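Subject: A structure for you to explore

Hello,

Here is the structure I promised to pass on to you. Please open it beside this email and follow along as you read.

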Amino acid sequence: MATLRVAVKPEAAPMKAAQISKPGADFELIERKIPEPGAGQVRIKVQACGVCHSDVLTKEGLWPGIQYPRVPGHEVAGVIDEVGAGVSAWKKGQRVGVGWHGGRDGTCRECQRGDFRNCQNLKIPGISYDGGYQQYMVAPVEALAAIPETLSDTEAAPLLCAGITTYNALRHSGAFPGDLVAVQGIGGLGHLGIQFANKFGYKVVAIGRGSENALLAKKLGASVYIDSGSTNAAEALQKLGGARVILATAPSSKAMSELIDGLGPNGKLVVIGAAGTSADSEDTLNFAELSGVRPMIETYPLEKAAEAYERMLSGKAQFRVVLTM
Ligand SMILES: [Zn+2]
Ligand SMILES: [Zn+2]
């Protein structure tokens, strides 16, 4: 009797991912095939991924056109593990990060003007394609930022979103060294904003609620702390001469409008907006390495993605939550 022999190609080892199967669903820890990078893409062995408030867009299906299942995560730090066809500028083994700017078409009007962060077909990791809540992910080369040697993966991850937004807002704010710059809010964004503002050479005023953050604010580089719960912050700023820039990091229009009177002549209230490109990410990482700016983090293993997400939502984390693989 003849024996039928079937040659079976060995299945590639699966990997773990934390996905959302539909809008509003809980996190599911699944195993699936390790993805292959296409042309112009690399595969990243993810080491750490920040848990950001914007991940709510994926969890709750708040982004128009988002498709499911989807793996969230746009604060990714890892190592290139495979490169796709046509990739020459990046090599296997290189440490890279991916932030909010996850790819562009390169052809729309904005891209042709070099205004990549306003690309009409901007791709966002964790929304347009699967992000960093998994052991391996694929990303296009224009999304990659090189991670400097002395920054760890867990430190680099939050800098790719919370870091870049505060760093970019301050460096384009028009304030000069020695100017009075106020940072409103001492949280995930604010604790980085205070550090950057200090390292930029500003006189930094931190504005928070309650007295419990005063010590921390000074440790981070603020020379003055204003408790907006017990003091009129705008008047206090005026007594200091008025702020050249107020960086608003807590999304409260009431708190912001109350601060406007604290601005000096030609002063500017800067509201944190969209993150920049991968080039801005690299600038942020390099400046952090150079100056010693570091995020304060709480880490959770990927298996506890749901718990990590709840912790982020609670607003009690000190200050950024990061998943490790
Ligand atoms: Zn983010
Ligand atoms: Zn474009």
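**The two zinc sites**

Along the chain, the residues that donate to the zinc ion (ligand 1) have the spacing C-x21-H-x86-C. Those donors are Cys52 (SG), His74 (NE2) and Cys161 (SG), at 2.0 to 2.2 Å from the ion. Cys52 and His74 link distant parts of the chain: Cys52 sits in the loop between strand 3 and helix 1 (56-59), while His74, 22 residues apart from Cys52, sits in the loop between helix 1 and strand 4. Before you go further, please keep in mind that this is a predicted model.

Are Cys52 and His74 buried or exposed? Buried means under 20% relative accessible area. Cys52 has a relative accessibility of 5%, so Cys52 counts as buried. His74 has a relative accessible area of 2%, so His74 is buried too.

Now turn to the other zinc ion (ligand 2). Which residues hold the zinc ion (ligand 2)? Its protein donors are Asp105 (OD), Cys108 (SG), Cys111 (SG) and Cys119 (SG), and they lie 2.0 to 2.3 Å from the ion. In sequence, the donors of the zinc ion (ligand 2) follow the spacing D-x2-C-x2-C-x7-C. Why is the arrangement around the zinc ion (ligand 2) called tetrahedral? The 4 donor atoms subtend angles of 96 to 119°, and four donors count as tetrahedral if all angles lie between 85 and 135 degrees.

The donors of this site can be looked at one by one. Asp105 has 26% relative accessibility, so Asp105 counts as partly exposed. Cys111, at 5% relative accessibility, counts as buried. Cys108 is found in the loop between strand 5 and helix 2 (109-112), and with 8% relative accessibility Cys108 counts as buried. Try a distance on your screen as well: Cys108 and Asn121 are 13 residues apart in sequence, and their C-alpha atoms are 7.8 Å apart in space.

**Strands side by side**

Strand 3 (residues 41-51) and strand 4 (residues 76-83) run antiparallel and are joined by 7 bridges. Within this pair, you will see Lys45 opposite Val79 in strand 4. Strand 4 also pairs with strand 5 (residues 95-98), again in the antiparallel sense, over 4 bridges. Here Val76 is the residue that stands opposite Val98 in strand 5. While you look at the strands, a general point may help: in a regular strand, side chains alternate between the two faces of the sheet.

**A covered helix and a buried serine**

How many of the 10 residues of helix 4 (residues 190-199) are buried? The count is 8, so helix 4 is mostly covered. The buried residues of helix 4 are Gly190, His191, Leu192, Gly193, Ile194, Gln195, Phe196 and Ala197. Just after helix 4 comes Gly201, which takes a positive phi of about 90°.

Ser173 lies in the loop between helix 3 and strand 8 (180-184). Ser173 has a relative accessible area of 1%, so Ser173 is buried. Between the C-alpha atoms of Ser173 and Asn121, which are 52 residues apart along the chain, the separation is 27 Å.

**Empty space**

Rolling a probe the size of a water molecule over the atoms shows where empty space is left. The largest pocket has a volume of about 1400 Å³. This pocket is lined by 48 residues, and the closest to its centre are Gly188, Leu189, Thr249, Ala250 and Pro251. Several elements each supply at least two residues of its lining, among them helix 3 (153-171), strand 9 (203-208) and helix 9 (305-314). Helix 7 gives the largest share of the lining, 5 residues. By class, the lining of the largest pocket has 25 nonpolar, 18 polar and 5 charged residues.

The structure also holds 1 cavity of 30 Å³ or more. The largest cavity has a volume of about 40 Å³. What lines the largest cavity? There are 13 lining residues, and Gly99, His101, Thr277, Ser278 and Ser281 lie nearest its centre. Strand 5, helix 3 and helix 8 (278-291) are the elements that give two or more residues to this lining. The lining of the largest cavity divides into 6 nonpolar and 7 polar residues, with no charged residues.

Enjoy exploring!

Best wishes

Terms used. Residues are numbered from 1 along each chain as its sequence is written. Chains are lettered from A and ligands numbered from 1 in the order in which they are written. This is a predicted model: local features need pLDDT of at least 70, side-chain atom pairs count only at pLDDT 80 or more; totals for chains, interfaces and linings use all residues. Side-chain values use heavy atoms; hydrogens and water are left out. On a 1 Å grid over the protein atoms alone, a cavity is a set of points where a 1.4 Å probe fits but cannot get out, and a pocket is an open set with protein on both sides within 12 Å along at least five of seven lines; lining residues have an atom within 4 Å of a point. Grid points are joined across faces, edges and corners, and a volume is the space filled by probe spheres set on the points. Ala, Val, Leu, Ile, Met, Phe, Trp, Tyr, Cys and Pro count as nonpolar, Asp, Glu, Lys and Arg as charged, and the others, Gly among them, as polar. Donors are N, O and S atoms within 2.8 Å of the metal (3.2 Å for Na, K and Ca); water is not among the atoms, so sites may look incomplete. Four donors count as tetrahedral if all angles lie between 85 and 135 degrees; four count as square planar and six as octahedral if opposite donors are over 155 degrees apart and all others between 65 and 115; anything else is irregular. Buried means under 20% relative accessible area, exposed over 50%, partly exposed in between (1.4 Å probe, protein chains only). Two strands pair if DSSP finds at least two bridges between them.
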